[in-house]
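This report sets out, for a reader who works with computed models, what can be said about the fold, the charged side chains and some of the loops of one protein chain. The sequence and the structure come before the discussion.

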Amino acid sequence: MRRLALMMVAAMITSLTFAQKLQEKDVPTPVKTTFKKQYPNTKDVKWEKEGKNFEAEFELNKTEQSVLLNAQGNILETEVEIELNQLPSAVLDYIKANYKGQSVKEAAKITDANGKDTFEAEVMKMDVLFDESGKFLKEKKDEIDEKEED
């Protein structure tokens, strides 16, 4: 019985850490103002709440993108989908050596508020993160795939 209770608590905590879909009317005005100023011609924006922050997902020039903002409207990071050949060669070498027989499904370039770039490669339902030079940083379960399983 105790084990079941612990499992239920863990499941509730886990479900709260995932992004929550929002309607635009539920997004704070400073967030929407900054977003519209940076991306004035964007339509069909999907909003999510990630912890205390807000993420806008959208397509611009036929490229999937997202921007993460805090409640005050400050941009924390941007993410742009890139072609696999735009990844540093060290990333592809790492994937080949450490995920034998697997390929990269999608790739993205993430830029933080200070202009520092990180690369993300989706492999085996995992997001594998690398620094600007292609050095491995960490891997994490792909949140999109986790949401689809729920």
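The sections below deal with the overall fold, the salt bridges, the surface charge and three loop residues.

## Overall architecture

The model is a predicted one, and the values that follow are computed from it. The chain holds four helices and nine strands, and their order along the sequence gives the pattern α-β-α-β-β-β-β-α-β-β-β-β-α.

Of the 150 residues in the chain, 33% count as buried. The chain exposes about 10,200 Å² of surface, and carbon and sulfur atoms supply 51% of that area. When contacts are restricted to residues at least 6 apart in sequence, 36% of them join residues at least 24 apart.

## Salt bridges around strand S1 and helix H2

Side chains of opposite charge can pair when their charged atoms come close. With a limit of 4 Å between a side-chain nitrogen of Lys or Arg and a carboxyl oxygen of Asp or Glu, the count comes to five salt bridges. Among them is the pair of Lys 21 and Glu 48, whose side chains meet at 3.7 Å, N to O. Because Lys 21 belongs to strand S1 and Glu 48 to strand S2 (residues 46-50), this pair ties together parts that are 27 residues apart in sequence. The two partners also carry opposite labels of burial: Lys 21 is exposed, with a relative accessible area of 68%, whereas Glu 48 is buried, with a relative accessible area of 5%.

Another of the salt bridges joins Lys 36 to Glu 24, with the closest N and O atoms 3.2 Å apart. Lys 36 lies in helix H2 and Glu 24 in the loop between S1 and H2, so this pair ties together parts that are 12 residues apart in sequence. Lys 36 counts as partly exposed at 49% relative accessibility, and Glu 24 is partly exposed as well, with a relative accessible area of 37%.

## Asp 26 and its surroundings

Where does Asp 26 lie? Its place is in the loop between strand S1 (20-22) and helix H2 (29-38), and at 41% relative accessibility Asp 26 counts as partly exposed. Asp 26 forms a salt bridge with Lys 25, in which the closest N and O atoms are 3.5 Å apart, and Lys 25 counts as exposed at 63% relative accessibility.

Asp 26 can also be placed relative to Glu 48, the residue described above as the partner of Lys 21 in a salt bridge. Asp 26 and Glu 48 are 22 residues apart in sequence, while the distance between their C-alpha atoms is 9.9 Å.

## A patch of negative charge

Which residues gather in a patch of negative charge on the surface? The patch is made up of Glu 59, Glu 64, Glu 81, Glu 83 and Glu 106. Of these residues, Glu 106 can be described further: Glu 106 lies in strand S6 (residues 106-112) and, at 39% relative accessibility, counts as partly exposed. A residue needs over 30% relative accessible area and no salt bridge to enter such a patch, and the accessibility of 39% computed for Glu 106 is to be read with that cut-off in mind.

## Three loop residues

Most residues other than glycine have a negative phi. Asp 44, in the loop between H2 and S2, has a positive phi near 55°, and Asp 44 is exposed, with a relative accessible area of 72%. Asn 61 likewise has a positive phi, of about 55°, although Asn 61 is not a glycine. The place of Asn 61 is in the loop between strand S3 (53-60) and strand S4 (63-69), and Asn 61 is exposed, with a relative accessible area of 70%.

Ser 133 is found in the loop between strand S8 (126-130) and strand S9 (136-141) and is exposed, with a relative accessible area of 52%. Which residues does Ser 133 contact, leaving aside its neighbours within four places in sequence? The contacts of Ser 133 beyond those neighbours are with Pro 88 and Ala 90. Ser 133 and Ala 90 are 43 residues apart along the chain, and their C-alpha atoms are separated by 7.3 Å.

Methods:
Residues numbered from 1 in each chain as written. Predicted model: local features only at pLDDT ≥ 70, side-chain atom pairs only at ≥ 80, totals over all residues. Heavy atoms only, no water. Patch = residues over 30% accessible without salt bridge, like charges linked within 9 Å, V, L, I, M, F, W, Y side chains within 5 Å. Areas by Shrake-Rupley, 256 points an atom, 1.4 Å probe, with all protein chains shown as cover. Lys, Arg positive; Asp, Glu negative; His and termini not counted. Charge placed at Lys NZ, Arg CZ, Asp CG, Glu CD. Helix = DSSP H or I, 4+ residues; strand = E, 2+ residues; numbered from the N terminus. Buried < 20%, exposed > 50% of the residue type's maximum accessible area, 1.4 Å probe, protein only. Contact = heavy atoms within 4.5 Å.
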